[in-house]
Amino acid sequence: MTAQEIIVRPVITEKSMAGVGEKKYTFEVAPSAGKIEIAKAVEELFGVKVKKVNTLHVRGRLRRQGRFEGYTKSWKKAIVTLTEESKTIEFFESMV
């Protein structure tokens, strides 16, 4: 897998943006990607040094549209912590 296939998109929520000050960034990642692959992909794409990676599976939720109901898709989330001497990711800095 390439780095672009591993990192699907950044997660921009109020809770995820609160971690930017502590150099914690949240991404949606490929479900089959491991922590080591995620760390290497972030280092390659953004030119930073990764300290640790926490991953979790987000379960799809039941949603209704009138009388019809279905589930949103399940996905994998990665919270990436950078080292203290590493630079920040500019994309997230522009959002704060």
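In the predicted model, Arg-9 is partly exposed, with a relative accessible area of 38%. Arg-9 is found in strand 1. Its side chain takes part in a salt bridge with Glu-28, in which the closest N and O atoms are 2.6 Å apart. This pair links distant parts of the chain, since Glu-28 belongs to strand 2 (residues 24-29) and Arg-9 to strand 1 (residues 7-10), 19 residues apart. The two partners also fall into separate classes of accessibility: Glu-28, at a relative accessible area of 5%, is buried, whereas Arg-9 is partly exposed. Glu-28 counts as buried because its 5% lies under the limit of 20%. Arg-9 can also be placed relative to Val-42: the two are 33 residues apart in sequence, and their C-alpha atoms are 11 Å apart in space.

Glu-28 has a further partner. A salt bridge joins Glu-28 to Lys-73, with 3.2 Å between the closest N and O atoms. Here too the pair links distant parts of the chain: Lys-73 sits in the loop between strand 5 (68-71) and strand 6 (75-82), Glu-28 sits in strand 2, and 45 residues separate them. Lys-73 is exposed, with a relative accessible area of 57%. The value for Lys-73 is 57%, so this residue passes the limit of over 50% that defines an exposed residue.

Another salt bridge is formed by the side chains of Glu-84 and Lys-51, at 3.6 Å from N to O. Glu-84 lies in the loop between strand 6 and helix 4 (90-93), while Lys-51 lies in strand 3 (residues 50-58), so this contact ties together parts that are 33 residues apart in sequence. Glu-84 and Lys-51 are both exposed. Through shared partners, salt bridges join Arg-9, Glu-28 and Lys-73 into one network. The count of salt bridges in the model comes to four.

The overall architecture was examined next. The chain contains four helices and six strands. Their order along the sequence follows the pattern α-β-α-β-α-β-β-β-β-α. The C-alpha trace spans about 55 × 30 × 20 Å along its principal axes. Of the 96 residues in the chain, 35% are buried.

The largest pocket holds about 230 Å³ of space. Its lining consists of Val-11, Thr-13, Lys-15, Ser-16, Ala-18, Gly-19, Lys-24, Thr-26, Trp-75, Lys-77 and Ile-79. Helix 2 (14-18), strand 2 and strand 6 are the elements that give two or more residues to this lining. By residue type, the lining divides into four nonpolar, four polar and three charged residues. Strand 2 therefore appears in two settings, as an element that contributes to the lining of the largest pocket and as the element that holds Glu-28, under the numbering of strands from the N terminus.

Gly-19, one of the lining residues of the largest pocket, is found in the loop between helix 2 and strand 2. With a relative accessibility of 12%, Gly-19 counts as buried. This classification follows because 12% is under 20%. Gly-19 and Ala-33 are 14 residues apart in sequence, and the distance between their C-alpha atoms is 22 Å.

Lys-23 is also located in the loop between helix 2 and strand 2. Its backbone has a positive phi of about 60 degrees, although Lys-23 is not a glycine. Most residues other than glycine have a negative phi. Lys-23 counts as buried, at 17% relative accessibility. The loop between helix 2 and strand 2 thus holds both Gly-19 and Lys-23.

On the surface, a nonpolar patch is formed by Ile-12, Phe-91 and Met-95, which together have about 270 Å² of accessible area. Phe-91 lies in helix 4. Phe-91 is partly exposed, with a relative accessible area of 40%. Phe-91 can belong to a patch because its 40% meets the requirement of over 30% relative accessible area.

Conventions
Residues numbered from 1 in each chain as written. Predicted model: local features only at pLDDT ≥ 70, side-chain atom pairs only at ≥ 80, totals over all residues. Heavy atoms only, no water. Buried < 20%, exposed > 50% of the residue type's maximum accessible area, 1.4 Å probe, protein only. 1 Å grid on protein atoms, 1.4 Å probe; cavity = no way out; pocket = protein on both sides within 12 Å on 5 of 7 lines; lining within 4 Å. Points joined across faces, edges and corners; volume = space filled by probe spheres on them. Nonpolar A, V, L, I, M, F, W, Y, C, P; charged D, E, K, R; others polar. Patch = residues over 30% accessible without salt bridge, like charges linked within 9 Å, V, L, I, M, F, W, Y side chains within 5 Å. Areas by Shrake-Rupley, 256 points an atom, 1.4 Å probe, with all protein chains shown as cover.
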